[in-house]
Amino acid sequence: MDKENLSVVLHSPGDLRLEHRPIPEPGPNEVLLQMHSVGICGSDVHYWQHGRIGSFEVKKPMVLGHEAAGRVVRVGTEVKHLQPGDRVAIEPGVPREMDEFFKTGNYNLSPTIFFCATPPDDGSLCRYYKHSANFCYKLPDGLTFEEGALIEPLSVGIHACRRAGVTLGSTALICGAGPIGLVCLLVAKAMGASQVVISDLSDERLAMAKELGADFPLQVKMGDMPEELARNVEGQLGGQPHVTIECTGVESSVQTAIYATRPGGVVVLVGLGSEMATVPLLNAAVREVDIRGVFRYRNTWPMAIAMLASKQVNVKPLVTHRFPLEQAVQAFETTRQGLGVKVMLKCDKSDQNP
């Protein structure tokens, strides 16, 4: 085992550093992991650029990264289901107490939850990382570490589609063809959606969406009117969609989502935009369109692993760039510029494979 723990540490807005930190000791119910693959998320970049998201503010140096998979190298004294050598995917949100949210299965909503790379909690973008063993899931032999890391964004798609009520024969609109929009597309199709429209500004991302199974890629231009876009969606589907999953957080896109969704349908808000937004609330109310929020995910890792292992869902095409951990700043800059889809950092010096 290495004696150094190279870590990607955010000190303040714009100040991202590679530092050596101590290798942590796992507690009784924890495991020490040698990290292998960690994806860069838009939230990581946002913290890097702005130092905060909503009420979460970086006030002390914080290790970034929460889309992660690695190998167990040491187990705590109470850990029974994992052993050194196991390859695992990490669920980054771990409840700190058995509160009412934990008891009802809604642990993602617990106000005291630990979450990787959300201030003040350190993330997993480092050589060695310790985590709750109960939130580490064994990867079947057929799955790569990168697929394990991509279970985190895939889980957002699963939770969003569950919240939307996607089922066999559903028609859907997905606003935004970035990484989260694309995983929502993959999950919606796997859950039985018959036709999916996906919208975006980028030709390249719409082309990938088409490859991943989108029925109708919809090019959006700056200044397009939401009601007109809603009519375009209806024209392509031959009717208004049962569900709309909004993944951009852009105010005009949220407006489009509400206008487009059929009466009695569901709009799920995944993208995070400004705290206050102007939306056609009365339009939704009189047509009984439900507007539902999404906060991360809960109870999704087993389903995601089953989806990937059965080959019902293929996330491999999402990874468009790979960098060794030593080139983390370059990797973050690539993500900030919106190049490709998913940028993956490789944390194991001796194994840079997917």
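**Pocket, helix and odd angles**

Biologist: Which element gives the most to the lining of the second largest pocket?

Modeller: β11 gives the most, with five residues. Strands are DSSP E runs of at least two residues and helices are H or I runs of at least four, numbered from the N terminus. A pocket is an open set of points on a 1 Å grid over the protein atoms alone, with protein on both sides within 12 Å along at least five of seven lines; lining residues have an atom within 4 Å of a point.

Biologist: Is this a predicted model or something else?

Modeller: Predicted: local features need pLDDT of at least 70 and side-chain atom pairs 80 or more, while totals for chains, interfaces and linings use all residues. Residues are numbered from 1 along each chain as its sequence is written, and side-chain values use heavy atoms, without hydrogens or water.

Biologist: Back to that pocket. How many residues line it?

Modeller: The second largest pocket has 20 lining residues. Pro24, Asp122, Gly123, Tyr129 and Lys130 lie nearest its centre. β1 (5-12) and β11 (128-132) are the elements that give two or more residues to this lining.

Biologist: And what lines the largest cavity?

Modeller: Glu91, Gly93, Tyr107, Asn108, Ile113, Phe115, Arg296 and Tyr297. In a cavity, a 1.4 Å probe fits but cannot get out.

Biologist: What about Arg296's phi?

Modeller: Phi of Arg296 is positive, about 60°, although Arg296 is not a glycine. Most residues other than glycine have a negative phi. Arg296 sits in the loop between β18 (290-293) and α10.

Biologist: Buried or exposed?

Modeller: Arg296 is buried, at 17% relative accessibility. Buried means under 20% relative accessible area, exposed over 50%, partly exposed in between (1.4 Å probe, protein chains only).

Biologist: Which other residue has a positive phi without being a glycine?

Modeller: Ala117, with phi near 60°. Ala117 is in the loop between β10 and β11, and is buried at 3% relative accessible area.

Biologist: Where is the cis peptide bond?

Modeller: Between Pro119 and Pro120, with omega about 5°. Pro120 lies in the loop between β10 (114-115) and β11.

Biologist: New topic. How far apart are the ends of helix α5?

Modeller: The end C-alpha atoms of α5 (residues 179-190) are 17 Å apart. Twelve residues at 1.5 Å each should span 16 Å, so the two agree. The expected span is 1.5 Å times one less than the number of residues.

Biologist: Which α5 residues are buried?

Modeller: Gly181, Leu182, Val183, Cys184, Leu185, Leu186, Val187 and Ala188.

Biologist: What comes after α5?

Modeller: Gly192 follows α5, with a positive phi near 110°.
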